[in-house]
Amino acid sequence: MSVASLSTLPARAAAARAMASDLPSPCISICRMVPATGFCEGCLRTIAEIAAWSRMDDAGKRSVWRAIELRAEAGFGVADGDPP
């Protein structure tokens, strides 16, 4: 099962963090920053996380995926149709 085929953001995050290497980008091509939260509407990353992604090692990417998982579980992104 690919990470992209999982239906919820927390499930995608958990699957990505479990990968041994070459973690996929969280981007789902819904690239709009929400001023109230500072997170991207589509992937729940910050601008700094998005900008640094291509230079991060796998440990850094796992940390970002964990942050995304926690944000989704806390309810960020729910209004956008991605249930926690």
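Visitor: Among contacts in the protein chain between residues at least 6 apart in sequence, what percentage join residues at least 24 apart?

Guide: In this predicted model, the share is 50%. A contact here requires heavy atoms within 4.5 Å.

Visitor: Which pattern does the protein chain follow when read along the sequence?

Guide: The order of elements is α-β-β-α-α, in agreement with a content of 3 helices and 2 strands.

Visitor: How many residues does the protein chain have, and what percentage of them are buried?

Guide: The protein chain has 84 residues, and 32% of them are buried. Its accessible surface is about 4700 Å², with 59% belonging to carbon and sulfur atoms.

Visitor: What makes up the largest nonpolar core?

Guide: This core consists of 11 residues: L9, A13, A16, L23, F39, L44, W53, V64, W65, I68 and A72. Two elements, α1 (9–17) and α3 (58–73), each give two or more residues to this core. Helix α3 supplies the largest share, 4 residues. As a general tendency, nonpolar side chains in soluble globular proteins are buried together.

Visitor: Why does L44, a member of that core, count as buried?

Guide: The relative accessibility of L44 is 4%, and the term "buried" applies under 20%; L44 is therefore buried. The residue is located in the loop between β2 (39–40) and α2. Its phi is near 65°, a positive value in a residue other than glycine.

Visitor: Where is D22 found, and why does D22 count as exposed?

Guide: D22 belongs to the loop between α1 and β1 (33–34). Its relative accessibility is 65%, and "exposed" applies over 50%, so D22 is exposed. D22 also has a positive phi, near 55°, in a residue other than glycine.

Visitor: With which residues is L23 in contact, leaving aside its neighbours within four places in sequence?

Guide: L23 is in contact with A16, R17, W53, D58, K61, R62 and W65. Of these partners, A16, W53 and W65 are listed with L23 in the largest nonpolar core.

Visitor: How many salt bridges does a search of the whole structure find?

Guide: The search finds 4 salt bridges. In general terms, side chains of opposite charge can pair when their charged atoms come close.

Visitor: What makes the pair of E41 and R32 a salt bridge?

Guide: The closest N and O atoms of E41 and R32 are 2.9 Å apart, and the limit is 4 Å; the pair therefore qualifies as a salt bridge. E41 is partly exposed at 23% relative accessible area, and R32 is likewise partly exposed at 47%.

Visitor: How far apart are the closest N and O atoms of E49 and R71?

Guide: The distance is 2.8 Å, and E49 and R71 form a salt bridge. Because E49 lies in helix α2 and R71 in helix α3, the pair ties together parts that are 22 residues apart in sequence. Both residues are buried.

Visitor: In which helix do E69 and R66 lie?

Guide: Both E69 and R66 are in helix α3, 3 residues apart, about one turn of the helix. Their closest N and O atoms are 3.1 Å apart, and the two residues form a salt bridge. E69 is buried at 7% relative accessible area, whereas R66, at 34%, is partly exposed. A network of salt bridges links R17, R66 and E69.

Visitor: Why is the pair of C27 and C31 too far apart for a bond?

Guide: The sulfur of C27 is 4.0 Å from that of C31, its closest cysteine sulfur. A disulfide requires the sulfur atoms to be within 2.5 Å, so this pair is not counted as one. The structure holds 0 disulfides. C27 is partly exposed at 36% relative accessible area, while C31 is exposed at 58%.

Visitor: Which residues make a nonpolar surface patch of about 240 Å²?

Guide: The patch is made by M33, I47 and I50. Residue I50 is located in helix α2 (residues 47–52). The relative accessibility of I50 is 32%, and a patch takes residues over 30%, so I50 meets this requirement. The value lies between the 20% and 50% limits, and I50 therefore counts as partly exposed.

Technical notes:
Residues are numbered from 1 along each chain as its sequence is written. This is a predicted model: local features need pLDDT of at least 70, side-chain atom pairs count only at pLDDT 80 or more; totals for chains, interfaces and linings use all residues. Side-chain values use heavy atoms; hydrogens and water are left out. Patches are made of residues with over 30% relative accessible area and no salt bridge: like charges are joined within 9 Å, nonpolar side chains (Val, Leu, Ile, Met, Phe, Trp, Tyr) within 5 Å. Accessible areas come from the Shrake-Rupley method with a 1.4 Å probe; for residues, only the protein chains shown count as cover. A salt bridge is a side-chain nitrogen of Lys or Arg within 4 Å of a carboxyl oxygen of Asp or Glu. Buried means under 20% relative accessible area, exposed over 50%, partly exposed in between (1.4 Å probe, protein chains only). A nonpolar core is a set of buried Ala, Val, Leu, Ile, Met, Phe, Trp, Tyr and Cys residues joined through side-chain atoms within 4.5 Å.
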